[in-house]
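Trainee: I have a new model open and could use a guide. Can we go through it together, contacts and all?

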Amino acid sequence: QYNRYKTDVDGGIFVDDKDYTSANKSLMSGAQLQYKKGWLALTANYFYNQTDRNLLDDSTDVPGFAKYTQNDFAGTTQFAELYTNMNLGRGFSLLAGADYRYARMNSYLLSISSFGPYEAIFTDTSARQYSGYASLIYNGGRFDAEAGMRYNNHSQYGGNTTFTFSPSFRITEHWRVFGSIASAYKVPSLYQLYSSFGNPLLQPETSFNSEAGIQQSHSRFTNRLVFFQRDINEGIDFDYVNYTYFNYNNQKVLGFELETMWKPTVNLSFTANYTFLDPTETSQSRVTTKDTTYAYLLRRPQHQINAALQWQPLTKLQLGINGRYVSERWDVGGYQTPDVRLDSYFLLGAHASFQFSKTLQAFANAQNLLNTDFTDINGYNSMPVNIQAGVRVKL
């Protein structure tokens, strides 16, 4: 697959720029081989991606430090994997494999201001990672479990090990309890390390995640409640004051999710979900308070609700209505300015379709029916009322 496109770019929050453009092209390719015989299944994957990106801002129309900026990036990634899935009998199965990841990039920056030209050339650099993993799965009917482990060896950050354990138990025909614990390890990307916004002193991000839940399932009524906790250390974030990546000390997020489905009749169904987040993050660079502990995550609402009602009054006619509520949340205010609080909003949508025949269907879809003025990202407009209608022909 080959892609090539060019687009205009904003000058920043609430700022337009006449001649700020981004030109991108990428080449993606890959292959997969599969072998299966009896209890043994083997799969081999290989993927290749080459990307070139050019950012050009040659406009003096907007006041700023630089009057001309050229920023070029070129990168290549490769991924190779071989894994097997074996049925061991008595409800046990084993998934095991190994993979190899390679990434390479270079960049060039030219900036011209009233102080003269500034040039930064970053020559080719690369990173490699070798990994081996295994996961033992047990399906026993009432009791199911999965236990896995993964070892990574990175060319810059050395070796590390992560694990996961996910058990579940069926109490009765309609009730099940489940849970999981898992660790994770994420190394910085080459862009985060070495681009013009990069920080070569970045440390890997580690996390520990746990969840526990209960599920009730009947023919017309289903509920699922999950409590979770996420603890991230040395998390990677972007500093909007100094315009570079950095590690924050710790991020803790507690929360729960509730999902429900009600089907009073064969032709009518209602689904809804609610998510609650209680986050705390330390040692950010936000210009908001004197304290270094923040009880919020950027662009992440504390409360979020989604609901949908589906009705099929006739065999060929389907109708639906949906709503989404997002509570207040914080976002970046801009360069060296305090964070801003974004207002809560509610969006209403609807859709309909009619099947005239096996080959012809008419449909209509409406989003933001109330024409709500809302903001997901500070400084950028969101979609007003939008209606689409058309026909589908299947021969």
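**Salt bridges and beyond**

Mentor: Start with the charged pairs: the count comes to seven salt bridges. Keep in mind that this is a predicted model.

Trainee: Take one that involves Asp-124. Which residue does Asp-124 form a salt bridge with?

Mentor: Arg-104. The closest N and O atoms are 2.9 Å apart. Asp-124 lies in strand S6 (residues 116–139) and Arg-104 in strand S5 (residues 92–113), so the bridge ties together parts that are 20 residues apart in sequence.

Trainee: How exposed are the two, Asp-124 and Arg-104?

Mentor: Asp-124 is partly exposed, with a relative accessible area of 48%. Arg-104 also counts as partly exposed, at 22%. The cut-off for buried is under 20%.

Trainee: And Arg-299? What does its side chain meet in a salt bridge?

Mentor: Asp-331, at 2.8 Å from N to O. This pair links distant parts of the chain, 32 residues apart. Arg-299 is in the loop between strand S14 (293–294) and strand S15 (303–314), while Asp-331 is in strand S17 (residues 329–331).

Trainee: Is Asp-331 buried or exposed?

Mentor: Buried, with a relative accessible area of 1%. Its partner Arg-299 is partly exposed, at 38%.

Trainee: What about Glu-328? Which Arg does it bridge to?

Mentor: Arg-341, with the closest N and O atoms 3.4 Å apart. Glu-328 is in the loop between strand S16 (317–326) and S17, and Arg-341 is in strand S18 (residues 340–342). They are 13 residues apart. Glu-328 is partly exposed at 40% relative accessible area, and Arg-341 is partly exposed at 45%.

Trainee: Which residues are linked in a network of salt bridges?

Mentor: Asp-99, Arg-101 and Arg-150. Remember Arg-101, as it comes up again in a pocket: Arg-101 is among the residues closest to the centre of the second largest one.

Trainee: Tell me about that pocket, then. How much space lies in the second largest one?

Mentor: About 440 Å³. It is lined by 22 residues, and the closest to its centre are Arg-101, Ala-103, Gln-129, His-154 and Val-187.

Trainee: Which elements each supply at least two residues of that lining?

Mentor: Strand S4 (66–89), S5, S6, strand S7 (143–154), strand S9 (175–186) and helix H1 (190–194).

Trainee: And how do the lining residues divide into nonpolar, polar and charged?

Mentor: Ten are nonpolar, eight are polar and four are charged.

Trainee: Switching to rings. How many aromatic pairs does a search of the whole structure find?

Mentor: It finds 16. Look at Phe-227 and Phe-256: the ring centres are 5.7 Å apart and the planes are at 45°, so the pair is tilted. It links distant parts of the chain, with Phe-227 in strand S11 (residues 221–239) and Phe-256 in strand S12 (residues 244–265), 29 residues apart.

Trainee: Why do you call that pair tilted?

Mentor: Because planes under 30 degrees apart count as stacked and over 60 as edge-to-face, with the rest as tilted. The planes of Phe-227 and Phe-256 are at 45°. As for exposure, Phe-227 is partly exposed at 47% relative accessibility, and Phe-256 is partly exposed at 24%.

Trainee: How do Phe-238 and Tyr-245 pair, then?

Mentor: That pair is edge-to-face, at 5.0 Å centre to centre with 75° between the planes. Phe-238 and Tyr-245 are both buried. They also belong to a cluster: ring pairs link Phe-73, Tyr-191, Phe-197, Phe-238 and Tyr-245.

Trainee: Which Arg lies over the face of Phe-363?

Mentor: Arg-392, at 4.1 Å from the ring centre.

Trainee: One more Tyr. Where is Tyr-243 found?

Mentor: In the loop between S11 and S12. Tyr-243 is partly exposed, with a relative accessible area of 36%. Its C-alpha atom is separated by 13 Å from that of Thr-337, though the two are 94 residues apart along the chain.

Trainee: Zoom out for me. How many helices and strands does the secondary structure come to?

Mentor: One helix and 21 strands. The C-alpha trace spans about 75 × 55 × 55 Å along its principal axes. The protein chain has 395 residues, and buried residues make up 30% of them.

Key
Residues are numbered from 1 along each chain as its sequence is written. This is a predicted model: local features need pLDDT of at least 70, side-chain atom pairs count only at pLDDT 80 or more; totals for chains, interfaces and linings use all residues. Side-chain values use heavy atoms; hydrogens and water are left out. A salt bridge is a side-chain nitrogen of Lys or Arg within 4 Å of a carboxyl oxygen of Asp or Glu. Helices (H or I, at least four residues) and strands (E, at least two) are DSSP runs, numbered from the N terminus. Buried means under 20% relative accessible area, exposed over 50%, partly exposed in between (1.4 Å probe, protein chains only). On a 1 Å grid over the protein atoms alone, a cavity is a set of points where a 1.4 Å probe fits but cannot get out, and a pocket is an open set with protein on both sides within 12 Å along at least five of seven lines; lining residues have an atom within 4 Å of a point. Grid points are joined across faces, edges and corners, and a volume is the space filled by probe spheres set on the points. Ala, Val, Leu, Ile, Met, Phe, Trp, Tyr, Cys and Pro count as nonpolar, Asp, Glu, Lys and Arg as charged, and the others, Gly among them, as polar. Rings of Phe, Tyr and Trp (its six-membered ring) pair if their centres lie within 6.5 Å; planes under 30 degrees apart count as stacked, over 60 as edge-to-face and the rest as tilted. A charge sits over a ring if NZ of Lys or CZ of Arg is within 6 Å of the ring centre and within 35 degrees of the ring normal.
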